[in-house]
Amino acid sequence: MINEISYLLFQSVLGITFLACAAYIVFFITRKKEVRTIARWILIASGILQTAYLISRYVLTGYTPVTSLHEAVAFFAWASTWAYLSFRWRYTVKNFGTFVSLLIFILLVISASVSRKTAPLVPALQSRWLPVHAGVSLIAYGFLALAFCGGLMYLLQERELKSKRFGYFFSRLPSLEALDQLNSHCLTAGFLFLTFGIVTGIMWAHQAWGTYWQWDPKETWSLITWFIYLIQVHQRITVGWRGKRAAVMAIIGFCAVLFTLWGVTFLLGGVHSYAR
Amino acid sequence: MPAERILLIGVNHKSTPLAVREKIALTDGYKEPLRRLAEIPGCREYYLLSTCNRVEILLVVESVDYLEEALIDFLFGGSIPAEKCREYLYIYYDNEAVRHLFLVASSLDSMIIGEPQILGQLKEAYRHASAHHSTGPLLNRLLHKSFSVAKRVRSETGIGSSAVSISYAAVQLAKKIFGSLQDKKVLLVGAGEMAELAAEHLVGQGVGEVVVANRTLSRALDLAQKFNGVAVSLEELVLQLERVDILISSTGSSGIVLHKDQVKPVMRTRRNKPLFFIDIAVPRDLDPALNDVDNVFLYDIDDLTNVVELNKSERAREAVKAGRIVDEEVLKFLRWYRGMAVTPTIAALRKKVDDICRVELERTLPRLQDLSDNERRSVEKMTMAIASKILYAPLNFLKKDSCKHDTNVKADMVRTIFGLEEDDK
């Protein structure tokens, strides 16, 4: 029973998110305010459905759904959605929703394309640390994904302004200042969660294996990612790194995030490799 | 059509790149160029317009032989090869020339369509030309007409409402860079009218502070006072860069005022906060390489065209309407111009008087019922005789070869006295 509900929930999440994304793209093209309002409500509905799906998955498996690739990516999408919605609550960045909803939809499609089988939790992961460590890390990824979208938009807009050839994007993208602010906020939030995720990981490792750090590929790459973001945060505070450089760094950082999430699992293995 | 021709020759932002325009911009006022124009044989009336986007000469000439070459030489002064000149400039005759002048006056040929400054510049140029006594009846009439066409276009179309000159584009760009302009600071380098207008717009959009740097401090002080700002000397320019966000440069300097190497270190002290440079001077004040610096955005006057392109579709409809008005006015002017010749003036004068006689007779005769046919004919004859007697002197004046007056002046005078123009409308 719960199995069917869970399945239906995921399918509807996919459908609703597709609608939200389509509505945002229509808004991007037509710039009609009513369309944006509709798109926003659809995305909120998608966020609620995603939450429901994760709960159903929890009920189904009995543990926080972050262990298989399908679950991790779905959780990633969920974190991005709510990071965006919480962000949106505070201030608007023109057409940001279009880029973010597209990213969320892509994540959900990836999540839909891999195996959704549930498996009993391997003993190593049976811990109260699991939801904290993995959940916090994925929330961090959610914010960093927003910074990535913002960085992409910044580069597009900056190119129009510098080349002085105003194409399709110029009037549709927000001001550089707004995008830079966005980068700063998402980076700060993302970096805090990421740090917290790594710290909880260290503590869990100590509890489970007796060592704080064992240079597992995933750990190494997390550290590399963390350093990339540390440099950004540091440079922004000390010498005021901003604009193009910050945007490029946000994109590089997010690539490192994606590699840590997938690349490591597929290419390098290690204790973090969950069910493929 | 009279024997003389109307000729318009010039370069503008569409025909000529900024680099070439810089070379021919007349920075030293109107006096000297007007004097040089007077030396070209064959120009009966002439007038010269020079703005940062265009240099145009409008002439009434007797014959066109060799004149084009002489004028090209006047414009370019040998600064670029003669065979290249013709690619850059446009030459219009008669109705084409009139049409172009009307388009320019009503700001349809401007870089920023609908900007109002051009009309002021046109009037200024006309003032110089008439002070120099270089305009005659034809150009006086033509230029005055162009002012009224501009007014008509402005009041009957929405062309002026959406964009007001360079400053509108500047504000639009500044908003894309800074988001809100609240508490941003703007520095005016050079205290020209253009800079003042741009600053007015920025202040209207909420810019917090205006700083004016000018070679003569008194002028800077005047302008600064207007915006409740501060005046600084040009030597402080680089120092000021640390605290302002937008810089509008419009000095009359012939060289670069601000180099890339001067700005790069400033970015460090600014903690990379973006800087927006607007260079509305011709020749340019700011180093074009500035645009390569991170977080620095440099726009010169040509770049602003691209911004204007964005607003094009909104204005296209209004421009069509304005174009129709211009066409209409060109036709009206040409009708007048043809009438300038003596024969049509005589015909028009005769017709007018005959018409008056006819109308009055038609009104009076039916009331005089007890008149015999003979008496009636006498009254008609008398009316015609009075008319002919009155017309005798003016017609004689028109026909006589007088060395005192130009035929154009005579025709114009008679047409004005007898109100022949109103009948054309």
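**Exercise 1. Decide whether Leu161(A) is buried or exposed, and find which residues Leu161(A) is in contact with.**

Leu161(A) has 21 C-beta neighbours inside 10 Å, and therefore counts as buried. The cut-offs behind this step are that a residue is buried if 20 or more other C-beta atoms lie within 10 Å of its own, exposed if 12 or fewer, and partly exposed in between, with C-beta atoms placed from the backbone. The model is a predicted one, in which local features need pLDDT of at least 70 and side-chain atom pairs count only at pLDDT 80 or more, while totals for chains, interfaces and linings use all residues. Residues are numbered from 1 along each chain as its sequence is written, and chains are lettered from A and ligands numbered from 1 in the order in which they are written.

The next step is to place the residue: Leu161(A) is found in helix α5 of chain A, where helices (H or I, at least four residues) and strands (E, at least two) are DSSP runs numbered from the N terminus. Two residues are in contact if their C-beta atoms, placed from the backbone, lie within 7 Å. Leaving aside neighbours within four places in sequence, Leu161(A) is in contact with Lys176(B), Ile177(B) and Phe297(B). Within chain A, Leu161(A) and Leu176(A) are 15 residues apart in sequence and 9.5 Å apart in space, C-alpha to C-alpha.

**Exercise 2. Describe the contact between chain A and chain B from the side of chain B.**

The contact takes 17 residues from chain A and 18 residues from chain B. On the side of chain B, the elements that give two or more residues are α8 (165-178), β10 (296-300) and α13 (304-310). Sorted by class, that side of chain B has 7 nonpolar, 5 polar and 6 charged residues; here Ala, Val, Leu, Ile, Met, Phe, Trp, Tyr, Cys and Pro count as nonpolar, Asp, Glu, Lys and Arg as charged, and the others, Gly among them, as polar.

**Exercise 3. Work out how many helices and strands chain A has, and what the buried residues of α4(A) pack against.**

Chain A comes to 8 helices and 0 strands, and buried residues make up 44% of its 276 residues. Of the contacts in chain A with a separation of 6 or more, 79% are between residues 24 or more positions apart.

Helix α4 of chain A covers residues 96-113, and its 18 residues reach 26 Å from the first C-alpha to the last, close to the 26 Å expected at 1.5 Å a residue, the expected span being 1.5 Å times one less than the number of residues. Among the buried residues of α4(A) are Phe96(A), Phe99(A), Leu103(A) and Leu107(A). The buried residues of α4(A) pack against α1 (2-30), α2 (33-61), α3 (69-90) and α5 (129-163) of chain A.

**Exercise 4. Find the strand order of the sheet of 4 strands in chain B, and explain why one side of β2(B) is left without a neighbour in the sheet.**

The open sheet has the order β2-β3-β1-β4 with antiparallel pairing, and two strands pair if DSSP finds at least two bridges between them. Because β2 (43-50) and β4 (90-93) of chain B stand at the edges, each with a single partner strand, one side of each is left without a neighbour in the sheet. Even so, 6 of the 8 residues of β2(B) are buried, so β2(B) is largely enclosed by the rest of the structure.

The partner is then examined: 7 bridges join β2(B) to β3 (residues 54-61) of chain B, and the two strands form a hairpin with 3 residues between them. Along this pair, Ser50(B) stands opposite Val55(B), and Tyr46(B) has Leu59(B) as its bridge partner.

**Exercise 5. Identify the edge strands of the sheet of 6 strands in chain B, and the residues with the most contacts inside the largest nonpolar core.**

The strand order is β7-β6-β5-β8-β9-β10, and the pairing is parallel. The edge strands are β7 (230-233) and β10 of chain B, each of which pairs on one side only.

A nonpolar core is a set of buried Ala, Val, Leu, Ile, Met, Phe, Trp, Tyr and Cys residues joined through C-beta atoms within 7 Å. The largest has 126 residues, and those with the most contacts inside it are Leu188(B), Val212(B), Ile248(B) and Phe277(B). The element that gives the most to this core is α5(A), with 16 residues. A second, separate core of 50 residues includes Tyr30(B), Val60(B), Val61(B) and Ile113(B).
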